[in-house]
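Here are a few exercises to work through with the model open in your viewer. Try each task yourself before reading its solution.

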Amino acid sequence: MIFYFSCTGNSRWVAEQIALGTNDKLTNIDELIKKGENPSDIIINDDRIGIVFPTHCWRAPKPVVDFVKRLSVPKGVFRYAVATCGDNMGKGMRMFSKAFHLDSAWTVQMPNTYIPMFNLDTDEVAQKKIDDAHARIAEIVDAVCQCWSTWSIKEGGFPRFKSYAIYSSFVKGYKHTERFHLSGNCVECGKCAEACPMENVKIEGGKPSWSNHCIQCMACVHICPQKVIQYGKGTEKRGRYSLLKYLK
Ligand SMILES: Cc1cc2nc3c(=O)[nH]c(=O)nc-3n(C[C@H](O)[C@H](O)[C@H](O)COP(=O)(O)O)c2cc1C
């Protein structure tokens with residue numbers, strides 16, 4: 001059984017590739033949350049369980065942590081996690097393993113999606129990350145099928161500082177949804193509302209508006225076909241990400 005959470009498609013794709021190799025069933029955490037399903041009611045009768053999610057500010061996204069804390073996993077089930085990240089994850093996986101005990105864990109580098117502060121990867125870098133991810137995923141599938149205990153996490157420099165100090169100021173920014181604005185014509189397609197994993201975007205009077213449970217995942221910003229959804233001052237001069245562009 002593989003549970004995944006994904007805002008812009010990278011983690012969903014990684015979860016799908018793992019599921020192809022392991023033949024395990026895929027379940028979208030976000031859909032379960034939206035349906036109001038109680039994680040503690042989920043019956044796990046597989047002999048392994050994987051959780052796949054993006055790295056957000058050197059940690060697992062809060063909705064994922066809240067979800068796994070309430071799962072009841074029978075004894076003896078092999079438990080693993082895979083975090084996708086643009087670069088590295090600091091101490092985020094160690095912290096995640098305190099909420100959800102892990103036998104194995106991996107990071108998989110995928111194109112970066114956090115554009116309020118950073119540029120998107122160049123096409124060459126993004127393509128290389130995805131090409132390399134195939135080999136990484138094959139490694140993961142192999143280890144999962146054999147229930148190998150592995151800890152293969154790219155922490156990067158200053159891991160504690162990033163996952164503790166920087167993360168604390170990052171989550172304070174969640175409430176600043178006034179930073180979302182439109183820089184041009186909205187065609188009222190509603191894709192931003194559909195893409196939001198938090199159901200935080202509503203279409204009112206044909207235009208998006210944001211309430212206060214944003215996790216800054218940028219799904220609404222990237223999906224907008226008009227590229228007019230902006231967050232603060234940083235996103236206007238940056239491109240938009242679509243995984244489809246890089247899949248052959
Ligand atoms: C809010 C936010 C924070 C991020 N923080 C990190 C980070 O700390 N380290 C990193 O390497 N990548 C970071 N990224 C990049 C994502 O982890 C990466 O692009 C991931 O594959 C996106 O997965 P998704 O498409 O499934 O949402 C961040 C992206 C977002 C939107």
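The exercises below go from the main sheet to a hairpin, a loop glycine and the ligand, all in a predicted model.

**Exercise 1. Find the strand order of the open six-stranded sheet, and say which strands stand at its edges.**

Solution. Begin with the pairing, which is parallel in this sheet. Following it across gives the order β2-β1-β3-β4-β5-β6. Next, look for strands with a single partner: these are β2 (26–28) and β6 (151–152), so each has one side without a neighbour in the sheet.

Now zoom in on one pair. β4 runs parallel to β5 (residues 104–109), and six bridges join them. Within this pair, A83 stands opposite T107 of β5.

**Exercise 2. Describe how α1 and α5 lie on the sheet.**

Solution. Take α1 to begin with: this helix lies across β1 (2–4), β2, β3 (48–54), β4 and β5. Its direction makes about 155° with β3. Then turn to α5 (residues 123–145), which packs on the sheet and touches β3, β4 and β5. The angle between the directions of α5 and β5 is about 170°.

**Exercise 3. Work out the pairing of β8 with β9, and sort the residues of β9 by face.**

Solution. Strand β8 (residues 201–204) pairs with β9 in the antiparallel sense, over four bridges. One of the partners to look for is K207 in β9, which bridges to E204. The hairpin has two residues between its strands, and G205 adopts a positive phi near 60°.

For the faces, recall a general rule: in a regular strand, side chains alternate between the two faces of the sheet. In β9 (residues 207–210), P208 and W210 make up the covered face, while K207 and S209 make up the uncovered one.

**Exercise 4. Is G157 buried or exposed?**

Solution. Locate G157 in the loop between β6 and α6 (159–172). Count its C-beta neighbours inside 10 Å: there are 8. The cut-off for exposed is 12 or fewer, so G157 counts as exposed. As an extra step, check the distance to G90: the two C-alpha atoms are 7.4 Å apart, although 67 residues separate these glycines along the chain.

**Exercise 5. Which residues and elements surround the ligand?**

Solution. The shell holds 24 residues, with S6, N10, S11, P54 and C85 the closest. By type, 10 are nonpolar, 13 polar and one charged. Among the contributing elements, α1 (10–22) and β4 (78–85) each supply at least two residues. Finally, compare domains: domain 1 (2–166) and domain 2 (176–241) each give at least three residues to the shell.

How values were computed: Residues numbered from 1 in each chain as written. Predicted model: local features only at pLDDT ≥ 70, side-chain atom pairs only at ≥ 80, totals over all residues. Near = placed C-beta within 6 Å. Nonpolar A, V, L, I, M, F, W, Y, C, P; charged D, E, K, R; others polar. Domains from an automatic or database assignment. Buried ≥ 20, exposed ≤ 12 C-beta atoms within 10 Å, placed from the backbone. Pairing = 2+ DSSP bridges. Contact = placed C-beta atoms within 7 Å. Axes fitted to C-alpha atoms, helices over the stretch in contact; angles between N-to-C directions.
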